[in-house]
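Please look through the structure shown here slowly, with the sequence beside it, and follow the paragraphs below from one part of the chain to the next.

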Amino acid sequence: MNVSHGSVHPVEDVPTTDGAGPNPPRVRMKDLPGMPGTPGGLILRLAQFLFSAASLVVMATTSDFPSVTAFCYLVAATGLQCLWSFSLGIVDVYALLVRRSLQNHRVVCLFTLGDGVTSTLTFAAACASAGITVLIDNDLSSCAHNHCAQFETATAMAFISWFAALPSFLLNFWSLASR
């Protein structure tokens, strides 16, 4: 059978869809700003990486962070967030350079799962570190003996990193749920 298909040979006159039929075609918005493979997604990944790296560096440079479990947890969580955001940032740069869409079901599922895990860990670590920082500063009043400014800065950077990771997770989850 020698039949040409519209995907192989472009059709000159595209049929109009005015929604007159019983089931009008569904329209999906594939590349929303902030989704993987878009410039907005790359900006979110860059912000996640920079703020989690800042939190990691500030907390790791204090001499007494290993004595508190919540601060060790913050270092581990922001380290994981750095690795995840950096690797997905590289994937976003590649997708932008070769003009490739990252809307494959498996890729979106992997991104959603990774973003969900890393953002939850970062948020939990930031909350735990904030609680310990408030305990040291307000309740024990021993900021003169500790690095309270560094603890507060690292905690704030972790929260900002989580604020940058949350839209990535929500957009990927929404894209996964709308399939």
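In an unreviewed UniProt entry, the feature "transmembrane region" is placed at residues 42-62, 68-95, 107-136 and 156-177, and these record positions can be set beside the coordinates of the model, which is a predicted one. Over residues 68-95 the chain is 96% helix and 0% strand, with 41 Å between the end C-alpha atoms. Over residues 156-177 the chain is 100% helix and 0% strand, and here the end C-alpha atoms are 31 Å apart.

Between helix α2, which covers residues 69-97, and helix α3 there is a loop, and Arg 99 lies in it. The relative accessible area of Arg 99 is 77%, so this residue counts as exposed, the cut-off for that word being over 50%. The backbone of Arg 99 also deserves a look, since its phi is near 55°, a positive value in a residue other than glycine. Most residues other than glycine have a negative phi.

Moving on into helix α3, which spans residues 105-139, we come to Ser 129. Is Ser 129 buried or exposed? With a relative accessible area of 0%, Ser 129 is buried, because that word applies to values under 20%. Which residues is Ser 129 in contact with, leaving aside its neighbours within four places in sequence? They are Ala 70, Phe 71, Leu 74 and Thr 155.

The aromatic rings offer another way through the model, for the structure holds six aromatic pairs. One of them joins Phe 123 and Phe 159, whose ring centres are 6.1 Å apart and whose planes stand at 75°, so the pair is edge-to-face. Phe 123 belongs to helix α3 and Phe 159 to helix α4, residues 148-177, so this pair ties together parts that are 36 residues apart in sequence. Both residues count as partly exposed, Phe 123 at 33% relative accessibility and Phe 159 at 21%. Ring pairs also link Phe 123 and Phe 159 with Trp 162 and Phe 163 into a cluster.

A further aromatic pair is formed by Phe 169 and Phe 173, and this one is stacked, with 5.8 Å from centre to centre and 25° between the planes. The two residues are four apart in helix α4, so about one helical turn separates Phe 169 from Phe 173. Phe 173 has a relative accessible area of 45% and is therefore partly exposed.

Notes
Residues are numbered from 1 along each chain as its sequence is written. This is a predicted model: local features need pLDDT of at least 70, side-chain atom pairs count only at pLDDT 80 or more; totals for chains, interfaces and linings use all residues. Side-chain values use heavy atoms; hydrogens and water are left out. Buried means under 20% relative accessible area, exposed over 50%, partly exposed in between (1.4 Å probe, protein chains only). Contact means heavy atoms within 4.5 Å. Rings of Phe, Tyr and Trp (its six-membered ring) pair if their centres lie within 6.5 Å; planes under 30 degrees apart count as stacked, over 60 as edge-to-face and the rest as tilted. UniProt positions are given in the numbering used here, feature names are shortened, and annotations may be inferred rather than shown by experiment.
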